[in-house]
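I opened this notebook to keep track of what I looked up, one entry for each part of the chain that I turned to.

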Amino acid sequence: MLEDLRTLVEVESPSRDLDALRTSAETVAGVIEARLGGRAVLVESEGGPHVHWSGGGTPRVLVLGHHDTVFPLGTLARRPFLVEDGRATGPGVFDMLGGLVQAIHGLAALEDRSGVEILVTADEEVGSHFSRALIEERALACGAVLVAEGAADGGAVKTGRKGCGTFEVSVAGRASHAGLEPAAGVNALIEAAHQVLDIAALARPEIGTTVTPTVASAGTLDNVVPAQATVVVDVRVESADEKERVESAFAALTPHLDEAVITVEGSVGRPPMPESAAAGLFVVARQLLPGLEGRAVGGGSDGNFTAALGVPTLDGLGAVGGGAHADHEYLLVGSMAERARLVTGLVDSIRSA
């Protein structure tokens, strides 16, 4: 498993870099074929190649993951793959190359691999816009989904996820000289400041809804009333009702300044993953690994899509570690075999149910 992990980590795969993603997809396909036999097919998309493998027979369970990472090319030179003191480090070890390796080796332990499919997508880190339809198609065909994303703290599997999305609020004002004619302009920055307060007020943390302005830009020069401003907002919700409320509220934003114009783009693109979607599979997982904990988390994954369809989905079956998207990202080597065996047992249980 460590050798396969090294192979994947040392092929950098930043989202949207189509050349790098092609090399990564070919490498993932090679590892799958070497361990499981058969043929792993590259499915072309505008977001990069996805990798699909089938063990044949009637589809029963989909193992889901992604091979794109958030780290730019060159990260590996600064932070190479390393195994030391029981930890593997390097770009993507936890999110989510370690989980892919564990899942592949878990499936390799099955004498009969019929009914099993693997789908490894190329654009999860940037919204899954070019893989969602394929994910949903294969999830519905298989009827159960195991997501090889990294585990929650302490190795817990992820039994629920918030729906998440990004909104961009653009303000159009009018430029003027900040010293000679400030009143002749329409200050887009002031309007954006009003909007940030209105937007932040949409949050309802007591029921799990967070609405967080994260990036803002405005203006061109220090003596010009800004004619343009932009605010980017991260949204997380736990229910479909809150998704609709927040989306409607963004659509209804109105300007505070005369002649300012507001444009809103975005949505809660990943629907919430209700804990009910994982309930049955979590019971099986606890039978296989007594003491295993389940946890609902704020981050989203492609499991959100499959759970929203009503397909039983258990997430967080991948690497035990931490530091996703950070320089201190790590995987606990001692947990790899146990998590691989958990995948083996879950697939056997699903197929025999």
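**Entry 1: the helix at the start and its partner**

I began with the residues D4, L5, L8 and V9 of α1, and I found that they meet V93, L97, G98, V101 and H105 of α4, where contact means heavy atoms within 4.5 Å. Sorted by class, this contact of α1 with α4 holds 6 nonpolar residues, 2 polar and 1 charged; Ala, Val, Leu, Ile, Met, Phe, Trp, Tyr, Cys and Pro count as nonpolar, Asp, Glu, Lys and Arg as charged, and the others, Gly among them, as polar.

Before going further I noted that this is a predicted model, in which local features need pLDDT of at least 70 and side-chain atom pairs count only at pLDDT 80 or more, while totals for chains, interfaces and linings use all residues. I also noted that residues are numbered from 1 along each chain as its sequence is written, and that side-chain values use heavy atoms, with hydrogens and water left out.

Helices here are DSSP runs of H or I with at least four residues, and strands are runs of E with at least two, numbered from the N terminus. Helix α1 covers residues 2–9 and helix α4 residues 93–108, and they pack at an angle of about 135° with their axes 10 Å apart. That angle makes α1 oblique to α4, since under 35 degrees counts as roughly parallel, over 145 as roughly antiparallel, 65 to 115 as roughly perpendicular and the rest as oblique. The axes are lines fitted to C-alpha atoms, for helices over the stretch in contact, and the angles run from 0 to 180 degrees between N-to-C directions.

**Entry 2: a second partner for α1**

I then looked at helix α2 (residues 18–36), which packs with α1 at an angle of about 160°, the axes being 9 Å apart, and α1 and α2 are therefore roughly antiparallel. D4, T7 and L8 of α1 meet T27, V28, V31 and R35 of α2, and this contact has 3 nonpolar, 2 polar and 2 charged residues.

**Entry 3: two rings**

How many aromatic pairs does the count give? I found 1 aromatic pair, where rings of Phe, Tyr and Trp (its six-membered ring) pair if their centres lie within 6.5 Å, and planes under 30 degrees apart count as stacked, over 60 as edge-to-face and the rest as tilted. The ring centres of F167 and F250 are 4.0 Å apart and their planes stand at 5°, so the pair is stacked. F167 belongs to strand β9 (residues 163–172) and F250 to helix α7 (residues 240–251), so the pair ties together parts 83 residues apart in sequence. F167 and F250 are both buried, meaning under 20% relative accessible area, with exposed over 50% and partly exposed in between (1.4 Å probe, protein chains only).

**Entry 4: helix α5 and its cover**

In helix α5 (residues 132–142) I listed L134, I135, E136, R138, A139 and C142 as buried. Their cover includes β1, β2, β3, β6, β7 and α9. Just after α5, G143 takes a positive phi of about 90°.

**Entry 5: two serines in loops**

S128 sits in the loop between β6 and α5, and at 1% relative accessibility S128 counts as buried. Leaving out residues up to four places away in sequence, S128 touches D123, R270, D302 and F305.

S301 lies in the loop between β13 (294–297) and α9, and S301 counts as buried at 0% relative accessibility. With the same residues up to four places away not counted, S301 touches E124, V147, E149, R161, R270 and D315.
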